[in-house]
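Grab a pencil and get ready to poke around a protein. Try each exercise yourself before reading its solution.

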Amino acid sequence: MLTAREKQSKSESLDPTARQPDGPASQAPKVVAGIIILLGLLSNSFIVAAVIGFRRMRTTTNYLLVNVAAADITTLLFTTMHLIPIKSPFPNGALGSFLCKFITTNNITMVTLLVSAMTLTVLAADRYQAMVKPFTTSWRIKLEKVGYVLAVIWLIAIAIVSPLFVSVDQRPSLNTTLCSPGDDHAVMKVYVYCLVTLLTLLPFLGIAFCYSRIISGLCFRQTICSRGNEATAEKKRLVIVLMVLTAVFFIAFVPYGVAVVIQFSGITTSDVGELRIFSRLRIGVQYLTLLNCSLNPLIYSIPSTNYRCCFKRMLKKMNCQDTTEEVDAIQLEIRRGVADQR
């Protein structure tokens with residue numbers, strides 16, 4: 001039989017500020033998390049504004065990157081809710097059930113992680129089709145269809161996580177209100193293992209296959225041709241950016257998957273020392289998640305002349321300055337074939 005403490009450890013969310021005592025020492029992590037979240041919200045919002053606000057930035061690749069940014073914004077917003085201290089007792093009834101399903105257990109984060117993983121997989125597959133099999137256009141994502149692809153990604157992610165939304169609920173135990181997935185731990189354990197596999201292993205295998213074929217064609221077999229050395233260099237740069245983005249995602253979220261497996265597998269016990277170690281692991285994993293969401297926009301915007309010019313243009317417009325130079329720079333890059341990757 002699982003003790004109440006063990007059930008509590010399984011039902012708590014991966015929250016860096018959860019159950020920390022009040023005091024100056026406990027406020028420092030909250031301040032750091034708040035700064036990371038604020039910077040992440042601003043940087044991801046700039047990505048979305050750049051693509052939506054500048055018509056020439058509306059390519060298939062950029063729309064997929066906007067989807068990653070939207071998932072990161074959602075993750076950051078729901079994590080922000082954990083920073084809001086709740087001094088009153090945990091509510092009962094419909095409000096308590098809602099908080100358990102969507103806020104306290106951080107299930108929404110599982111949706112956004114799946115969205116990011118699937119979007120990065122689609123990005124890799126689209127680059128594979130465009131560069132390795134350029135004459136096979138039937139599998140390419142056309143610009144007018146990318147909205148449907150993004151909608152399907154979100155619907156699939158919500159459907160996969162829906163068992164958590166259904167099973168997790170408010171369940172009192174020993175006079176303590178817990179958000180628990182119920183007593184069928186064996187079924188939940190199998191579900192969590194499958195969820196983590198869908199989140200990490202399968203996307204990794206698909207992405208690794210696509211990028212390995214692209215790198216082989218660009219650098220070794222020389223089967224991927226472009227119009228001039230500049231276009232070839234730009235293709236290599238785009239592939240490198242997407243690979244770095246994918247690598248950082250897996251570095252950040254594989255530990256998250258491990259923590260979720262430990263949380264539901266029964267490995268944690270009532271031993272105080274082990275619970276403290278697991279609590280620190282959860283805190284580290286959550287900060288790694290926040291950092292990834294905040295750094296993603298820098299990864300794919302800093303190497304891009306177009307994104308940098310868009311950011312400068314938006315900042316100048318906010319200061320009521322002339323933006324002709326930035327507009328001309330973006331148009332010049334497009335004529336050179338830098339921003340027409342679809």
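Here are four short exercises on this structure, which is a predicted model.

**Exercise 1. Work out how many helices and strands the protein chain has, and in what pattern they come along the sequence.**

Solution. Start by counting: the protein chain has 11 helices and two strands. Next, read along the sequence, and you get α-α-α-α-α-α-β-β-α-α-α-α-α. Now bring in the record: UniProt, in an unreviewed entry, places the feature "transmembrane region" at several stretches, including residues 146-166 and 190-211. Check these two against the model. Residues 146-166 are 100% helix, with end C-alpha atoms 30 Å apart. Residues 190-211 are also 100% helix, and there the end C-alpha atoms are 31 Å apart.

**Exercise 2. Describe how helix α6 and helix α7 meet.**

Solution. First the geometry: the axes of α6 (residues 146-167) and α7 (residues 185-220) come within 10 Å and cross at roughly 145°. The crossing of α6 and α7 is left-handed. Then look at who's touching: α6 brings I160, V161, P163, L164 and S167, while α7 answers with M188, Y191, L195 and L198. Finally, sort that contact by class, and you find eight nonpolar residues, one polar and no charged ones.

**Exercise 3. Find which residues have the most contacts inside the largest nonpolar core, and which helix gives the most to it.**

Solution. The largest nonpolar core has 76 residues, and V161, L164 and Y307 have the most contacts inside it. Go helix by helix next: those supplying at least two residues each include α2 (24-53), α5 (107-131), α8 (229-265) and α10 (305-318). The top giver is α5, with 14 residues. Two of the names should ring a bell, since V161 and L164 in α6 also take part in the meeting with α7. As for Y307, leave out residues up to four places away in sequence, and Y307 touches I47, A50, V51, M57, N62, L65, Y300 and S301.

**Exercise 4. Decide whether T80 is buried, partly exposed or exposed.**

Solution. Locate T80 first: it's in helix α3 (residues 60-83). Now recall the cut-offs: buried is under 20% relative accessible area and exposed is over 50%. T80 has 27% relative accessibility, so it counts as partly exposed. One more thing to spot: T80 and G34 are 46 residues apart in sequence, yet their C-alpha atoms are 7.5 Å apart in space. For the wider picture, 48% of the 342 residues of the protein chain count as buried.

Key. Residues are numbered from 1 along each chain as its sequence is written. This is a predicted model: local features need pLDDT of at least 70, side-chain atom pairs count only at pLDDT 80 or more; totals for chains, interfaces and linings use all residues. Side-chain values use heavy atoms; hydrogens and water are left out. UniProt positions are given in the numbering used here, feature names are shortened, and annotations may be inferred rather than shown by experiment. Helices (H or I, at least four residues) and strands (E, at least two) are DSSP runs, numbered from the N terminus. Axes are lines fitted to C-alpha atoms, for helices over the stretch in contact, and angles run from 0 to 180 degrees between N-to-C directions. A crossing is left-handed if the near helix is turned anticlockwise from the far one by less than a right angle, and right-handed if clockwise. Contact means heavy atoms within 4.5 Å. Ala, Val, Leu, Ile, Met, Phe, Trp, Tyr, Cys and Pro count as nonpolar, Asp, Glu, Lys and Arg as charged, and the others, Gly among them, as polar. Buried means under 20% relative accessible area, exposed over 50%, partly exposed in between (1.4 Å probe, protein chains only). A nonpolar core is a set of buried Ala, Val, Leu, Ile, Met, Phe, Trp, Tyr and Cys residues joined through side-chain atoms within 4.5 Å.
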